[in-house]
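Work through the exercises below with the structure open. Try each task before reading its solution.

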Amino acid sequence: MGNRIREFRKQKGKTLDQIQDETGIKRGTLNNYENGKTEPKLETWKKLADYFGVSVGYLQGIEDKYTGVMADSERQVRRDKIKENMAKVLRKAWTEDEPWEEVYADFKRQWNLLELEFQKITQDMER
């Protein structure tokens with residue numbers, strides 16, 4: 001069995017372009033991952049697993065079990081990591097001569113991840 005990236009993308013009703021905008025992973029790269037032409041690095045697996053709200057192993061297709069609901073502690077760790085990344089982006093903007101367009105794009109990606117996280121919490125609470 002291959003990875004489940006396409007399965008989760010379609011389940012969420014997202015296009016490759018939307019996922020690119022929300023994660024920063026290029027559309028063509030995502031397409032190659034979905035088709036099994038290339039394998040993501042561990043950091044990218046983690047980013048995609050966080051984005052879809054599943055474990056890395058499940059997204060890779062090597063774990064069979066998926067509950068669909070994350071523990072509150074797992075969600076809190078993920079939210080804290082996203083907020084930490086947002087703070088890093090802003091600190092970088094102040095300490096380095098980073099073009100504001102890049103800072104905005106990085107911050108927007110982190111904001112989108114945070115919004116998705118809160119949507120997932122709401123969906124889990126409705127179950």
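**Exercise 1: Two helices that cross**

The axes of helix 2 and helix 4 (residues 42-52) cross at roughly 105° and come within 12 Å. Axes here are lines fitted to C-alpha atoms, for helices over the stretch in contact, and angles run from 0 to 180 degrees between N-to-C directions. Helices are DSSP runs (H or I, at least four residues), numbered from the N terminus. The model is predicted: local features need pLDDT of at least 70, side-chain atom pairs count only at pLDDT 80 or more, and totals for chains, interfaces and linings use all residues. Residues are numbered from 1 along each chain as its sequence is written, and side-chain values use heavy atoms, with hydrogens and water left out.

Task: Classify the crossing of helix 2 and helix 4, then find which residues meet.

Solution.
1. Apply the angle classes: under 35 degrees is roughly parallel, over 145 roughly antiparallel, 65 to 115 roughly perpendicular, and the rest oblique. Helix 2 is therefore roughly perpendicular to helix 4.
2. List the contacts (heavy atoms within 4.5 Å). Helix 2 brings Ile-19, Glu-22 and Thr-23. Helix 4 brings Lys-47, Tyr-51 and Phe-52.
3. Sort the residues of this contact: 3 are nonpolar, 1 is polar and 2 are charged. The nonpolar class is Ala, Val, Leu, Ile, Met, Phe, Trp, Tyr, Cys and Pro; Asp, Glu, Lys and Arg count as charged, and the others, Gly among them, as polar.

**Exercise 2: Buried faces**

Task: Which residues of helix 2 and helix 4 are buried, and where do they lie around each axis?

Solution.
1. Set the cut-offs: buried is under 20% relative accessible area, exposed over 50%, partly exposed in between (1.4 Å probe, protein chains only).
2. Take helix 2 (residues 16-23). Leu-16, Ile-19, Glu-22 and Thr-23 are its buried residues. They fall within an arc of 130° seen down the axis, so they line one face of helix 2. The arc is that of the directions from the helix axis to the C-beta atoms.
3. Take helix 4. Its buried residues are Thr-44, Trp-45, Leu-48, Ala-49, Tyr-51 and Phe-52. Their arc is only 160°, so they sit on the same side of helix 4. Leu-42 and Glu-43 are exposed on the other side.
4. Check what follows each helix. Gly-24, just after helix 2, has a positive phi of about 85°. Gly-53, just after helix 4, has a positive phi of about 75°.

**Exercise 3: Salt bridges**

Task: How many salt bridges does the structure hold, and which residues are linked in a network?

Solution.
1. Define the pair: a side-chain nitrogen of Lys or Arg within 4 Å of a carboxyl oxygen of Asp or Glu. The structure holds 5 salt bridges.
2. Start at Glu-34. Its salt bridge with Arg-6 has the closest N and O atoms 3.3 Å apart. Glu-34 lies in helix 3 (residues 27-34) and Arg-6 in helix 1 (residues 5-11), so the pair ties together parts 28 residues apart in sequence.
3. Add Arg-9. Its side chain meets that of Glu-34 at 2.5 Å, N to O. Arg-9 is in helix 1 and Glu-34 in helix 3, so this pair ties together parts 25 residues apart in sequence.
4. Join them: Arg-6, Arg-9 and Glu-34 form a network of salt bridges.
5. Compare exposure. Glu-34 is buried at 9% relative accessibility. Arg-9 is buried too. Arg-6 is partly exposed at 30%.

**Exercise 4: One more pair**

Task: Which helices does the salt bridge of Arg-27 and Asp-17 tie together?

Solution.
1. Find the distance: the closest N and O atoms of Arg-27 and Asp-17 are 3.2 Å apart.
2. Place the partners. Arg-27 lies in helix 3 and Asp-17 in helix 2, so the pair ties together parts 10 residues apart in sequence.
3. Check exposure. Arg-27 is partly exposed at 38% relative accessible area. Asp-17 is partly exposed at 39%.

Note on methods:
Helix = DSSP H or I, 4+ residues; strand = E, 2+ residues; numbered from the N terminus.
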